[in-house]
Amino acid sequence: MRRERPPSESPVTSRPQKKMWRNSVPSSSVCYDSLAHWPEIVDERQRCKFCAKYAYTFVKCLKCNMHLCLAKGKNCFKTYNSNA
Ligand SMILES: [Zn+2]
Ligand SMILES: [Zn+2]
């Protein structure tokens with residue numbers, strides 16, 4: 001059985017643009033954005049990139065790819081990601 005591919009497959013041009021940012025969006029978009037910042041416990045302990053001088057942490061933000069404190073009373077993860 002022969003398979004013939006079409007000679008020129010036209011690229012899909014109708015895909016949505018994901019990098020559009022608007023100023024006047026409902027507040028739910030903030031939740032949508034923050035969903036991508038997930039903490040992960042990694043094997044290697046590194047300095048927190050937010051308060052780098054003080055703390056070592058196993059917690060890493062998957063989106064930022066940065067180590068950030070995430071502990072009781074000290075949440076650089078939240079602080080950093082809400083400022084970014
Ligand atoms: Zn992040
Ligand atoms: Zn920190």
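Select helix 2, residues 76-83, in this predicted model. Cys76, Phe77 and Asn81 are the residues to colour, since they are buried. Look down the axis of helix 2: these buried residues fall within an arc of 115 degrees, so they line one face of the helix. A general rule is useful here: an α-helix has 3.6 residues a turn, so residues three or four places apart point the same way. Now turn to the face of helix 2 that points away from the buried side, where the exposed residues Ser82 and Asn83 are found.

**The core**

Next, select Cys48, Phe50, Val59, Cys61, Leu68, Cys69, Cys76 and Phe77. These eight residues make up the largest nonpolar core. Which elements each supply at least two residues of this core? They are strand 2 and helix 2. For the chain as a whole, 14% of the 84 residues count as buried.

Keep the core on screen and pick Cys48. Leaving out residues up to four places away in sequence, Cys48 touches Ala55, Thr57, His67, Leu68, Cys69 and Cys76. Three of the names in that list, Leu68, Cys69 and Cys76, also belong to the core.

**The whole chain**

Hide the side chains and show the chain as a cartoon. There are two helices and three strands, and from the N terminus the elements run α-β-β-β-α. Among contacts with a separation of 6 or more, 22% are between residues 24 or more positions apart.

**The sheet**

Select the three strands. They form an open sheet in the order 1-2-3, with antiparallel pairing. The edge strands are strand 1 (39-47) and strand 3 (66-67), each of which pairs on one side only.

Start with strand 1. How many of the nine residues of strand 1 are buried? The number is zero, so strand 1 lies largely in the open. Strand 1 pairs with strand 2 through five bridges, in the antiparallel sense. Select Ile41 and look across to strand 2: the bridge partner there is Val59, a residue of the core. Then select Arg47, which stands opposite Tyr56 of strand 2. While the strands are on screen, recall that in a regular strand the side chains alternate between the two faces of the sheet.

Move on to strand 2, residues 56-61, which is joined to strand 3 by two bridges. These two strands also run antiparallel. To see one of the partnerships, select Lys60 and find its bridge partner His67 in strand 3. His67 has come up before, among the residues that Cys48 touches.

**The hairpin turn**

Strand 2 and strand 3 form a hairpin, with four residues between them. Select Asn65, in the loop between these strands. The phi of Asn65 is near 60 degrees, which is a positive value in a residue other than glycine. Is Asn65 buried or exposed? Asn65 counts as exposed, because 8 C-beta neighbours lie inside 10 Å, and the cut-off for exposed is 12 or fewer.

In the loop between strand 2 and strand 3, also select Leu62. Leu62 is exposed, with 12 other C-beta atoms within 10 Å. Aside from neighbours within four places in sequence, Leu62 is in contact with Trp38 and Glu40. Draw a distance from Leu62 to Glu40, C-alpha to C-alpha: the two are 6.6 Å apart in space and 22 residues apart in sequence.

**The loop before strand 1**

The last stop is His37, in the loop between helix 1 (28-34) and strand 1. His37 has 17 C-beta neighbours inside 10 Å and therefore counts as partly exposed. Which residues does His37 contact, leaving aside its neighbours within four places in sequence? They are Cys61, Lys63, Cys64 and Asn81. Two of these lead back to earlier stops: Cys61 is part of the core, and Asn81 is buried in helix 2.

Finish with one more distance. Between the C-alpha atoms of His37 and Ser82 there are 9.7 Å, while 45 residues separate the pair in sequence. Ser82 is an exposed residue on the face of helix 2 turned away from its buried side.

Definitions and conventions:
Residues numbered from 1 in each chain as written. Chains lettered and ligands numbered in written order. Predicted model: local features only at pLDDT ≥ 70, side-chain atom pairs only at ≥ 80, totals over all residues. Pairing = 2+ DSSP bridges. Buried ≥ 20, exposed ≤ 12 C-beta atoms within 10 Å, placed from the backbone. Contact = placed C-beta atoms within 7 Å. Core = buried A, V, L, I, M, F, W, Y, C linked by C-beta atoms within 7 Å. Arc of directions from axis to C-beta.
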